[in-house]
Amino acid sequence: MERTKTMKLDWSEYCEAARQAAGDGIVLLKNDHQVLPLKKGSKVAVFGRIQMHYYRSGTGSGGLVNVSKVTGILDALLEEPELEIDRELLERYREFEEICPFDAGQGWGMEPWSQEEMEMTDEICGKAAAQNDTAVVIIGRTAGEDRDNQNLPGAYRLSEKEELLLKQVRKHFERMVVLLNVGNIIDMSFVEEQNPDAVLYVWQGGMVGGYGVADVLTGRRNPSGKLSDTIARHISDYPSDRNFGASEKGEGTGASADQSVFDGPADIYQEDIYVGYRYFETAAREKVLYPFGYGLSYTSFEVSCGEIDFSGEGEAADLRFDVQVRNSGDRPGREVVQVYVCCPQGRLGKPLRSLAGFEKTRELQPGETETLKFAIPLERLASYDDSGVTGHKSCWVLEEGSYAFFVGTDVRSAAEAGKIQLPELLVLKELEEAMAPVRSFRRLAGLCKEDPAGEEQQTPEDWKGWRMEAAPVRTIDMEERRRSRLPEEIAYTGNTGIRLFDVKDGKASMEQFLAQLSDEALCCIVRGEGMGSPKVTPGTAAAFGGVTPELKNTYGVPCGCCDDGPSGMRLDCGDKAFSLPGGTMLACTFDRELNQRLFALLGTEMVKNKVDCLLGPGVNIHRHPLNGRNFEYFSEDPYLTGEMAAAQLLGLARAGATGTVKHFCGNNQETARHALDSVISERALREIYLKGFEIAVRKGKMTSVMTTYGKVNGTHTSSLYDLTTTILREEWGFRGIAMTDWWANMNDRECPKSSKTNLAAMVRAQNDLYMVCPDAAKNLHGDNLQQALQEGKLTRAELQRCAGNICGFLMNTHAMERMEGQEIQVEIENCPEEERLELLSPVEFQTVGNQLILPLDGICTDRGQEYRFGLDMERGGYILEFTGSSDLGELAQLPMTVFTANIPLGTITWNGTRGEWVTMKKRYVATTRFTVFRLYFGQSGLKLRDLKITFDRPASQIQDWDAYMSEAEVQEPSVILRRQESDLQ
């Protein structure tokens, strides 16, 4: 066997693919008077303080990529030789930055949604208008994990200063362009109020996103992005708004059919399948500002559809037709053709429009035509009957009647292209009830019929005209189902000399291999280690598989490495990585091939960093605009979501890497996410919230999936048997690993209360990996696996099943090749020196124990320099004492920012000490064993002597973070350093 393989990563190709995505994902909503593209020689005044701090991504695990360079919108515009940027106005913003610096927050999830805007006066704006012909106003919003946006000024709505800015610019400029550098849609009422000439969602485009914006503004690239969400007039117009944002603890408890306990907040999905445009296009068209799939171009297109050919029978039946697209304008451009279906209302009730297909043209020259071919399987039109109203409960059905197809460039303008008639109901798949709700609630059930029979009187005022019904509740016993389907135990043999590679090589079966593993080994293999485990690439999210010497050395189980995503690799050790556009922007490209190509390049970068799984893509649905993680996810539409996820997975697979698709499922709110119970009908789950995952399995060949923190219908998804076994594996045929989110809770009938140590419930559900534990062999997490085995509440067979899933996955990774001595070298080509991704030297972790003094003398503390070190720490509270000095006078300010996990935890500032040593005491709370610290020096002149780390108390004794952090022995001004357990995936 060849011991070294070489792969190549063309940096210029990587940048160009990301740049194209950052351009093709831009959505042009308005372009009055053809103000865009900007003409050569245009004099441009750039407004908005976020021009100085381009939002390349959101925050949290989905966006914390440590990059070598970011090209923002202003950076790219300043490079344009044919544009003249107002330098005097730019200097005003730089002066404002000195007075009001960017607020990055301190700690996990603490960055504000927006930055304070510079107050715009008539004097500033009038002078800029006299010297320039076009104003470009940039409005910015971050987004992030562990918190939701709010319907407040400076968050979902514009702040007063932002409104004043737009008003002043509109007053003084004839040509006004607004760029929305945001991760998710925001309130758009300003468009009607201020009437800008052009409005573009430029999203968060990654580290080269500014180039994509400049390409579109100058006309080098014709905008071809389409909205992946509906933009309504008011946030209250979204049907989920009445229930979104539950945060208060629920009152009382109640037992369900599977004994789940209702002891926390609940989000009731009353809108059911009527999410986004499915709701608006059915009965609320007047509430829409910009419809799903909408996006303008600098050119025009003519779209014509051929005859629809319906052939085949049952599941194999499909509809085929051609659509011709002609560029009828005077500029090259691309267009997205979208196909929608209107199904008969029947007994189930259905939306008047559902996306059934889409394709994107290549770049067409003026007058050029392309023929797009569509093949839509009949099953894509099916509905799930969760009540039995059609006579076929728990089946995918097509009700009899007329199915009309609409073809166009957005959901609203799509014109009818043909119909097919089904003379009788057709059952496509017979399944079994799974994941039905245990709480009773009423849901939208379609439009009122001719004789509503009193239904409308029970409907809320804003849902007049809709029919409501009681959602069917659970009728099966999930625990009895699990017990009736227990796997057979493989008899224990002890070590017979079989290594995992022997299974891969066909010399032994997986059953023979698993027979060797003791109870202890089986318990260890389901414990992932992290974050920042030294057993894999430094600063990554987790090590899994061969996490003990026995598993690795005796049985040849490699240590797999997974790392945060999806917009690039989060390497907390300080290594640099490529930052990609966010999920919403990539969905707005409507371009499968581009997504696949971009993620093939990311996969090669993963191989370079010895990362086997990227924790992404995220395929949860944009149910409500305020969800904090919408920037990671794709769309309100499940079909578009699934197609984008499949394309990205297929791209990663081209490099031998893969993605862990998350969050499975119903993770549509960050508020109270650890305790929230998402109450969803089985029909809505199957048609909306599970569909993207199903497409990822069937089309994207998904091999790894992550469950959520919260519950769905009373049970945490991390221990929900019907999710990770009945549906995922038995129905969809998934072959791979399932893992929990980091430090997730579990519950089931055996232990109804939420618990982070109930790994037995996780294994019983066939969720294979608990993420994460500090030490798998020592069980420092204190889980209940051995106890459950001894008490007969968990079988060896269930552990063997999970171990087989884990080993089967690892057998087909580069980690397995490395285990067997085959190295893969990735050569980076065409990369500028300043952007190179050379790996830093490995971090050595020093054990703190009760106290450790870490020498820091001799490290370079010049401005802009960094220093990193790794600590192996028991979970708990610590006192950090940095001792430093400076020969400068006492008016000097010498800031040092402390990072862990790429999160700024606090800035410690020394004044000049005239050579005296001064000790600064701070607190730190460690909630994970291995932590890489990074020190960033903001000014030259500081000398460090050492850092003394003293263990103060175990985590079990810190019940109140605020009280602990305010104790008197830490002197004011105090910057408290902590890494919360919410620092998760």
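In this predicted model, Ala-761 sits in helix 20, which covers residues 759–764. Ala-761 is buried, because its relative accessible area is 1% and the cut-off for burial is under 20%. Its surroundings come partly from distant stretches of the chain. With neighbours within four places in sequence set aside, Ala-761 is in contact with Ser-719, Met-746, Asn-747 and Asp-748. Leu-720 is 41 residues away from Ala-761 in sequence, yet the two C-alpha atoms are 8.4 Å apart in space.

Charged side chains pair up in many places. The count of salt bridges comes to 85. One of them joins Glu-16 and Arg-221, with 3.7 Å between the closest N and O atoms. Glu-16 belongs to helix 1 (residues 11–24), while Arg-221 is in the loop between helix 7 (209–218) and strand 8 (231–232), so this pair ties together parts that are 205 residues apart in sequence. The two partners differ in exposure. Glu-16 is partly exposed, at a relative accessible area of 38%. Arg-221 is buried, at 19%; the value counts as buried because the cut-off is under 20%.

Arg-220 also takes part in a salt bridge. Its partner is Asp-215, and the closest N and O atoms are 2.8 Å apart. Arg-220 is partly exposed, with a relative accessible area of 46%. Asp-215 is buried, with a value of 5%.

A further salt bridge links the side chains of Arg-334 and Asp-591, at 3.0 Å from N to O. Arg-334 lies in the loop between strand 13 (318–327) and strand 14 (336–342). Asp-591 lies in the loop between helix 14 (583–588) and helix 15 (592–608). The pair therefore ties together parts that are 257 residues apart in sequence. Here both partners are buried: Arg-334 has a relative accessible area of 15%, and Asp-591 has one of 5%.

Salt bridges can also join into a network. Glu-145, Asp-146, Arg-629, Glu-632, Lys-662, Glu-670 and Arg-673 are linked in this way.

Asp-591 has a second role, at the start of helix 15. It caps the N-terminal end of that helix, where a side-chain oxygen of Asp-591 lies 3.1 Å from the backbone nitrogen of Glu-593. Helix 15 has 17 residues. From first C-alpha to last it reaches 25 Å, close to the 24 Å expected at 1.5 Å a residue. Of its 17 residues, 14 are buried, so helix 15 is largely enclosed by the rest of the structure. An α-helix has 3.6 residues a turn, so residues three or four places apart point the same way. After helix 15 comes Lys-610, which has a positive phi, near 55 degrees.

Strands also assemble into sheets. One open sheet is formed by four strands in the order 9-30-32-33, with mixed pairing. Strand 9 (266–268) and strand 33 (715–716) stand at its edges. Each of these has a single partner strand, so one side of each is left without a neighbour in the sheet. Strand 33 runs antiparallel to strand 32 (residues 711–712), and two bridges join them. Within this pair, Val-712 stands opposite Thr-715 of strand 33.

Key
Residues numbered from 1 in each chain as written. Predicted model: local features only at pLDDT ≥ 70, side-chain atom pairs only at ≥ 80, totals over all residues. Heavy atoms only, no water. Buried < 20%, exposed > 50% of the residue type's maximum accessible area, 1.4 Å probe, protein only. Contact = heavy atoms within 4.5 Å. Salt bridge = Lys/Arg side-chain N within 4 Å of Asp/Glu carboxyl O. Expected span 1.5 Å × (residues − 1). Polar contact = N/O pair within 3.5 Å; in protein donor to acceptor, adjacent residues only side chain to side chain. Pairing = 2+ DSSP bridges.
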